[in-house]
Structures are given as C-alpha cells and as structure tokens.
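Grab a viewer and work through these exercises one at a time. Try each task yourself before reading its solution.

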Amino acid sequence: MREELKKIKDRNRFYKYGGMELVKELILKLPDPEKHKNGYKKSFVLSKAVKIARQKMGPHRKKKHHNFLAETILRYAVGNGYLRPVEKNKNRYILTKKSRKLREQEKQKNSTSKAQNIPSESIVPAET
C-alpha cells in the first residue's frame, strides 16, 4: 500500500513539472555518445537528472524531493525507450535509436533557427 502511494506521488510530481519534456531535456543534456562507448554510469545520469529537477522545482525544495524526481525521470526514460541498460546488473545506460533521433532533430532545429535569426539590419541591399 505504501509503495503504491509513493509511486502515485512520484508520477504526479513527474507530470506536474513537465512530464516527458523532462526526459527529453535529460537526453539532450547528456554528452556525445561517441565518447562514451561503454555507456553512461547511472550516477552520472542521475546527477544530470537532479540538475534538471532542481531547475524545475526550484532550489528551495528538499533535496530528497529532487532525488525522487530524478529517479522518476530516469525510470520514465528507460520505460519509454530513450535509454536502456547495457546489461543486467550493470549500472550503465546507453542511448537508443529513439533518443539519437531526438538529438538529431534538435540539432536541425537549432541550425535552422540560427539561420532564420539573422537581423534584417545586417542585410544591406545592393546599390543599383
């Protein structure tokens, strides 16, 4: 009974602070997977998730609430196919095709938005 209530509170807290947007933010905050051939350590991924939780919840909340939200973010990232454990009983996670696709989309979105944000004053029409 108590575990069920804890899961319900975690789920409610997760959706209160942004839901799947938190997972996407976590995936984008992780460094380049080419440098991490063996995957990311669980503690490293959780530290990134705690930073996101502090940012969303605010630093005035208790540290244990940040940690609960971080664990929930990680659980949802694994459950929805953005991260997966390398092997059983290993505390390492790797990105899946779904998360790599998300990272590619964000790179394309950022490159097109930078190209569109050229101020009109810097473009001078040619004199005829």
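**Exercise 1.** Which residues does Phe68 touch, not counting residues up to four places away in sequence?

*Solution.* Keep in mind that this is a predicted model. Start by placing the residue: Phe68 sits in helix α4. Next, skip the sequence neighbours up to four places away, and Phe68 turns out to touch Lys6, Asp10 and Arg13. Then check a backbone distance: the C-alpha atoms of Phe68 and Lys9 are 9.7 Å apart, although 59 residues separate the two along the chain.

**Exercise 2.** Is Phe68 buried, partly exposed or exposed? Then do His65: buried or exposed?

*Solution.* Take Phe68 to begin with. Its relative accessible area is 27%. Buried would need a value under 20%, and exposed one over 50%, so Phe68 counts as partly exposed. Now move to His65, which also has its place in helix α4. His65 has a relative accessible area of 17%; the cut-off for buried is under 20%, so His65 is buried. As for its partners, once neighbours within four places in sequence are left aside, His65 is in contact with Arg13 and Met57.

**Exercise 3.** How do helices α1 and α4 pack, and which residues meet?

*Solution.* Begin with the geometry. Helix α1 covers residues 2-16, and its axis lies 9 Å from that of α4, at an angle of about 85°. Angles of 65 to 115 degrees count as roughly perpendicular, so α1 is roughly perpendicular to α4. Now list the contact. From α1 come Lys6, Asp10, Arg11, Arg13, Phe14 and Tyr15, and they meet His65, Phe68, Leu69, Thr72, Ile73, Arg75 and Tyr76 in α4. Finally, sort the residues of this α1 and α4 contact by type: 6 are nonpolar, 2 polar and 5 charged.

**Exercise 4.** Now do it for α3 and α4: what is the angle between them, and which residues make the contact?

*Solution.* Helix α3 runs over residues 42-57 and helix α4 over residues 63-79; their axes are 8 Å apart and the packing angle is about 120°. That angle makes α3 oblique to α4. For the handedness, the crossing of α3 and α4 comes out right-handed. On the α3 side, the contact is made by Lys42, Val45, Leu46, Ala49, Val50, Ile52, Ala53, Arg54 and Met57. The α4 side supplies His65, His66, Asn67, Leu69, Ala70, Glu71, Ile73 and Leu74. By type, the residues of the α3 and α4 contact split into 11 nonpolar, 3 polar and 3 charged.

**Exercise 5.** What is the order of the strands in the open sheet, and which are the edge strands?

*Solution.* Go pair by pair. Strand β1 (residues 40-41) pairs with strand β3 (residues 92-95) in the antiparallel sense, over 2 bridges. Here Lys41 is opposite Arg92 in β3. Next, strand β2 (residues 83-85) also pairs with β3 in the antiparallel sense, over 3 bridges. Across that pairing, Arg84 faces Ile94 and Pro85 faces Tyr93. Put the pairs together and you get an open sheet of 3 strands in the order β1-β3-β2, with antiparallel pairing. The edge strands are β1 and β2, each pairing on one side only.

Note on methods. Residues numbered from 1 in each chain as written. Predicted model: local features only at pLDDT ≥ 70, side-chain atom pairs only at ≥ 80, totals over all residues. Heavy atoms only, no water. Axes fitted to C-alpha atoms, helices over the stretch in contact; angles between N-to-C directions. Helix = DSSP H or I, 4+ residues; strand = E, 2+ residues; numbered from the N terminus. Parallel < 35°, antiparallel > 145°, perpendicular 65-115°, else oblique. Left-handed = near helix turned anticlockwise from the far one by under 90°. Contact = heavy atoms within 4.5 Å. Nonpolar A, V, L, I, M, F, W, Y, C, P; charged D, E, K, R; others polar. Buried < 20%, exposed > 50% of the residue type's maximum accessible area, 1.4 Å probe, protein only. Pairing = 2+ DSSP bridges.
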